[in-house]
Structures are given as C-alpha cells and as structure tokens.
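Here is a short guided tour to read alongside the model. Please keep the sequence and the 3D view open as you go.

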Amino acid sequence: MSRVYNFCSGPAALPEAVLKKAQAELLDWHGAGVSVMEMSHRSAEFMSILASAKARLTRLLDINDDYEILFVQGGASTLFAQIPANLTNGFDSACYLDTGAWSSKAIKEAKRYTDVKVVASSKEKKYLTVPDFSTLQLDEKAAYLHLCPNETIGGLEFADLPETSLPIIADLSSTILSRKIDVSQYGMIYAGAQKNVGPAGVVICIVRKDLLKRCDDSLPSIWNFANLAANDSMINTPPTFAIYLADLVFEWLEEQGGVAAMEALNIRKAQALYDYIDASTFYSNPIDPAFRSRMNVPFILSDQSLDALFIKESEAAGLRTLAGHRSVGGMRASIYNAMPMEGIQALIAFMAAFEKRHG
C-alpha cells in the first residue's frame, strides 16, 4: 500500500495513527464484538465514546461550563440557516462580516430569516484582504456578529476579533484546533469536521448556554439548539462513526502536545511554503501577507497554461488534490493538522523541480 500526501481542503487528510487505530477496532470495538458503526447510539459503549469526545475537546480548547458542546448533522452549510433560525428570535437583525465565499453563503442563507446587516466587505478587493475592523458599521442591537476567520477557498485568515458587545458567531471549520483560541470570546463556534477533526458528517458546535434561551419552540426539534443540548445531541441517531473518529483525532492531538504544539508546527509548515513561494518568480500568492491562511495556501503559476500539467505531474509524484477551487482557479495546498512537515517538504521539492523544468 502506498499513501500519498493529500492536500485536499476537505474531506482532508486524517492522521495515519488514527486511521490505523480505527482499522484495528473496526470489527470489534474494545471487546464489544461489534463495530462502532453497528452499536446502538443509546448503548453504554457509544455513550462512553460521546462522553470521551466531549471531555477531550473541552480539555483541548479549555471550554468552560458556560458552554454546551453539540454534535450536529448536515454540514456547516446547514448551520448557515440553522444559526439565524435559532438565534435571532426577539431581534430585528444580525450583523455579518463578508470576507469571502463562505461568508457570502452564510449571508445568503441568513437573509431568509432576518434582516442582514453586512458590516463590511472585502468583495471589491476580490477578497484578498480583510476590512479594517475600526470601520465596521455594527448595530449593537442586532442578534449577533457572524464571521469566518479562515476563508478556505481564498486562503485568507485573521486571528483578531472586532470589539463589540454582540455575541460573536464564528465559522471555524478551517481553524478549529489548528491554533489557540479563547473560547470565551465567542457566543458560538461551529466547525465542519472534515478538515481538522475527522470525516464529513458531523459539525462541532460550541454554544454559550445563555444563547440557548433564544431558541424558539416553533423550530423543528432536530434544528433546535436547546433541544439538541437537552438531549446530548441525540434527538435522533447521531453520526456515530464520525463522532468516534473525532474522539480518536482528539486523543491524537493530546498525544502531540495539544493545540499549542500543533500551532507551533502549523506556523513552521506554512512559513516554509510561503517562504518558497515568495522567493520564486514562477509562483505567487495573491493574499495580503498580513492575512495569509496557515491552513489553506493558494498559489498561482506565472504561466497558467501549465496548470493542467502541474496537476498531472504532482499527482504522479504522490501529491494529491492541489487544484484550486473552481471559482478562483490556480493551486491550493490545504495543510491541516494531519499534514506532516514531510508533506510540505515534498511539495516544495516538487515545485522547485517543476519550475526548473518549465520555468
């Protein structure tokens, strides 16, 4: 068996140690005689997995008792509608910061439920930078401020948060567990699992308990955050295997030294790749250097007629899924937690060899 370096933006690479452990436990989890995929979600065995996942995530992110952890189905895109449906009850509007494709999609869905006030947008600058937070036109009577600190498609990321009294709702799908964050700064965090946490099929939601009081009983039960919290995310059968794999990833992260250790490694990985790109005249990165993503590194070839050849040769070299998103083109290397430094070094070596042959 030969594994490649997978630079996909999601579903993304998983730690090999996690895959091997899941493989070893696939037929018989801890002597239960069944796979996790087969066991009842109400069983003591699965309840212990769920409890372990919540406990590990609590430790990794230092989540205090003011928050509930939910495991929600439907992908982060479903949350684009689910959040305003739950959290705008009693409010006339919600504020949104527009910094890229995922922010825009969230805005579109929220408009179905509330008056959306776009407090700032970098659309006119082709989403290559982040608006100056001092210029945000915030309505402090709105339900919340929504933002996406890492725009996966564009490769743009910011760490600082605007100053506001509003609860900040953040799509951290590409950020979660890759860098230290202060959970207490947020009203709600949500993140699709398929980037830094596990396979597609589950969204992690960390919701401040006081916000659950906004949830309207008229909402469908399966969509109601308060109901989900009261039922430990099990109003219906949750994505049990995805939660199990998330727990294995959390365990792996603890073994690596936690979020701080992963952040230090992620800084080194991203810096090595950006340094190579910046030193080249053959490749370039279009994002404002102050807001370059550590997780998603887009780059453009000086001769874009070579794009297809770059993809063909990179895949032959064991470097998979480097094509940029169809909406922006170019190339993109997603280098989440599971991507080792060796993968970055292999990519840089290939890029140098390709430049030598075709530059």
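Setting aside residues up to four places away in sequence, Trp-102 touches Ser-77, Phe-80, Cys-148, Glu-151, Thr-152, Ile-153 and Asp-171. In this predicted model, Trp-102 sits in helix α4, which covers residues 101-110. Its relative accessible area is 24%, so Trp-102 counts as partly exposed, the class between buried (under 20%) and exposed (over 50%).

Trp-102 also appears in an annotation. An unreviewed UniProt entry places the feature "binding site" at Ala-76, Ser-77, Trp-102, Thr-152, Asp-171, Gln-194, Asn-236 and Thr-237. These positions are spread over 162 residues of sequence and are spread in space as well, with up to 30.5 Å between C-alpha atoms. Among the contacts of Trp-102 you will find Ser-77, Thr-152 and Asp-171, and each of these three is on the UniProt list too.

Another of the listed positions, Gln-194, lies in the loop between β9 and β10. Beyond its neighbours within four places in sequence, Gln-194 is in contact with Gly-10, Pro-11, Ala-12, Pro-199 and Ala-200.

Now look at Lys-195, where the unreviewed UniProt entry places "modified residue: N6-(pyridoxal phosphate)lysine". Lys-195 is found in the loop between β9 (188-192) and β10 (203-208). Is Lys-195 buried or exposed? With a relative accessibility of 12%, Lys-195 is buried, because the cut-off for that class is under 20%. Leaving out residues up to four places away in sequence, Lys-195 touches Ser-9, Gly-10, Ala-12, Ala-13, Thr-152, Ser-173, Ser-174 and Tyr-336. Ser-9 makes a polar approach here: its backbone oxygen is 2.8 Å from a polar atom of the Lys-195 side chain.

Gly-10 is worth a second look, for a cis peptide bond joins Gly-10 and Pro-11, with omega at about 0 degrees. Pro-11 belongs to the loop between β1 (5-6) and α1 (16-25). Most peptide bonds are trans, and most residues other than glycine have a negative phi. Two residues in this model go against that second tendency, and the table sets them side by side.

| Residue | Phi | Loop | Relative accessibility |
|---|---|---|---|
| Leu-177 | about 70 degrees | between β8 (168-171) and β9 | 1%, buried |
| Thr-321 | about 65 degrees | between β13 (319-320) and β14 | 27%, partly exposed |

Finally, turn to helix α7, residues 258-279. At 1.5 Å a residue, its 22 residues should span 32 Å, and the end C-alpha atoms are 32 Å apart, which agrees. Which residues of α7 are buried? They are Gly-258, Val-259, Met-262, Glu-263, Asn-266, Lys-269, Ala-270, Leu-273, Tyr-274, Tyr-276 and Ile-277. Viewed down the axis of α7, these buried residues fall within an arc of 170 degrees, so they line one face of the helix. An α-helix has 3.6 residues a turn, so residues three or four places apart point the same way. And what covers the buried residues of α7? The cover includes the helices α2 (44-61), α6 (240-256) and α9 (341-358), together with the strands β11 (283-284), β12 (296-301) and β14 (331-334).

Definitions and conventions: Residues numbered from 1 in each chain as written. Predicted model: local features only at pLDDT ≥ 70, side-chain atom pairs only at ≥ 80, totals over all residues. Heavy atoms only, no water. UniProt positions renumbered as here; feature names shortened; annotations may be inferred. Helix = DSSP H or I, 4+ residues; strand = E, 2+ residues; numbered from the N terminus. Buried < 20%, exposed > 50% of the residue type's maximum accessible area, 1.4 Å probe, protein only. Contact = heavy atoms within 4.5 Å. Polar contact = N/O pair within 3.5 Å; in protein donor to acceptor, adjacent residues only side chain to side chain. Expected span 1.5 Å × (residues − 1). Arc of directions from axis to C-beta.
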